[in-house]
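This briefing concerns the strand architecture of one protein chain. Please consult the sequence and the structure shown here.

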Amino acid sequence: MSTDLTEPQSETTSEPRDLQGLARRHLWMHFTRMGGYADSEIPIIVRGEGCYVYDEHGKRYLDGLSALFCVNCGHGRAQLAEAAAEQARELAFFTNWSYAHPKAIELAARIAQLAPDGLQRVFFTSGGSEAVESAWKLARAYHRICGEQQRTKIIARELAYHGTSMGALAATGLPELQAPFLPLVPGACHVPNTNSYHWPDDGRDPLWVADAIEERILAEGSETVAAVILEPVQNAGGCFTPPEGYFARVREICDRHGVLLISDEVICSWGRLGYHFGCERFGYVPDIITTAKGLTSAYIPMGAMIVADHVAEPFMHGRSSFVHGFTFGGHPVAAAVALANVDIIEREDLCANVRANETALRAMLEGLRDLEIVGDVRGAGYFHAIELVKDRATKERFDDEESEALLRGFLSPELYRRGLICRTDDRGDPVIQLSPPLIAGQQQFDEIEAILRPVLIEAWERISHR
């Protein structure tokens, strides 16, 4: 029986839906205290346009987080929806397991063209955690095929977030996220991150934090370490940037000990830092790049692992195979959307827009330093954080109870109520993160400041009078 897909298959209804009731009964939201909505509405976003989204009541919000660091080209791009529809009509799905299709081939070639020199092989996944999982597995498989099967460990940084699947979770440096799922995959080790705001003022070389990686490699036994995984700018903890020369030193360390360097760019690629890949901004070439989020501007799920030729080469001959994959890796509809998304990034030169305007974004945030609650401002490109402190002079931190009251009890709901979507987080110290769409400019920065400043003033008044 044939079906004409150009005709509607069912009638639509204009009856109002009880979205709140349905959500409360059936939807399990991620990383969410579901009980927190017992006496309040669940935020339900129904539409997006440019840098703004709208809730079920028609209220407009400035999306200062690109949803979750991912809607890079902004909301409501018809070109991306059309690319998905066109591809779905032509070939809705076929697997990359021993087969190829045009859009996966074209996208792999396009990514390879934009990637740093030597990274020419692309392995598609469904998202970021899968990309990280794939990278650690590839590092292990690479060393094994090269005769060093004892190289299984991965070194990551404290507080770093690399995903929630079991391997990626082990690499994640957030014990509170790991605790419910112990025991973890063995072999993940952690070293200090680059949050220099809380380093002691003892005059030591800032590159001690890179040297700590070598110290950990030696402590574990260099012959057991497969890879080091680092974000160009570390997300969790609040946009930690590297000191000058950090990645050059890490690259030297990895080369000296035969360890692969993975650049986790699930957030930091596709213009977030003003370049197609964050490693370009900091002048290093990794062996593997993980990417997702902005690859499609999150219009459809997709991730990828971009691999250096020398790492991929042993798997390209005879009976060798990287025995790993995902059903939806390289999905043709996702690949079509990604190609259209990269077209937008290049045609509108969104990387250049970030580089041209990041100084204005940073200046707006630096202008908040006159507030007692603002301790540090840090980040790069369109990826910044404000760290909140109890005492600026001593950098005294809020305790757990104060942080709970500050972030979840006031800042998060109040910022949303006033029309700004950003991230308030205490994985580490309390921070507010801002990561607007790459199309944002001074108008949006002014709107952010107009909401953020009075809310921070009120937050300080509340917390200082407790």
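What is the order of the strands in the open sheet of seven strands? The order is β4-β10-β9-β8-β7-β5-β6, with mixed pairing. The model is predicted, so local features need pLDDT of at least 70 and side-chain atom pairs count only at pLDDT 80 or more, while totals for chains, interfaces and linings use all residues. Residues are numbered from 1 along each chain as its sequence is written, and side-chain values use heavy atoms, with hydrogens and water left out.

**The seven-stranded sheet**
- Strands are DSSP runs of E with at least two residues, numbered from the N terminus, and two strands pair if DSSP finds at least two bridges between them.
- The edge strands, β4 (119-125) and β6 (188-191), each pair on one side only.
- On average, neighbouring strands are turned by 25° against each other, direction ignored, with axes fitted as lines to C-alpha atoms.
- Four bridges link β9 (residues 288-291) to β10 (residues 303-308) in the antiparallel sense, and Thr 291 stands opposite Ala 304 in β10.

**Strand β15 and its partners**
- Strand β15 (residues 431-434) directs Val 431 and Gln 433 one way and Ile 432 and Leu 434 the other way, and all are buried (under 20% relative accessible area, 1.4 Å probe, protein chains only).
- In a regular strand, side chains alternate between the two faces of the sheet.
- β15 pairs antiparallel with β12 (residues 383-388) over four bridges and with β14 (residues 423-425) over three.
- Ile 432 is the bridge partner of Ile 386 and also stands opposite Thr 424.
- β14 and β15 form a hairpin with five residues between them, and Gly 428 in the turn has a positive phi of about 110°.

Key
Buried < 20%, exposed > 50% of the residue type's maximum accessible area, 1.4 Å probe, protein only. Axes fitted to C-alpha atoms, helices over the stretch in contact; angles between N-to-C directions.
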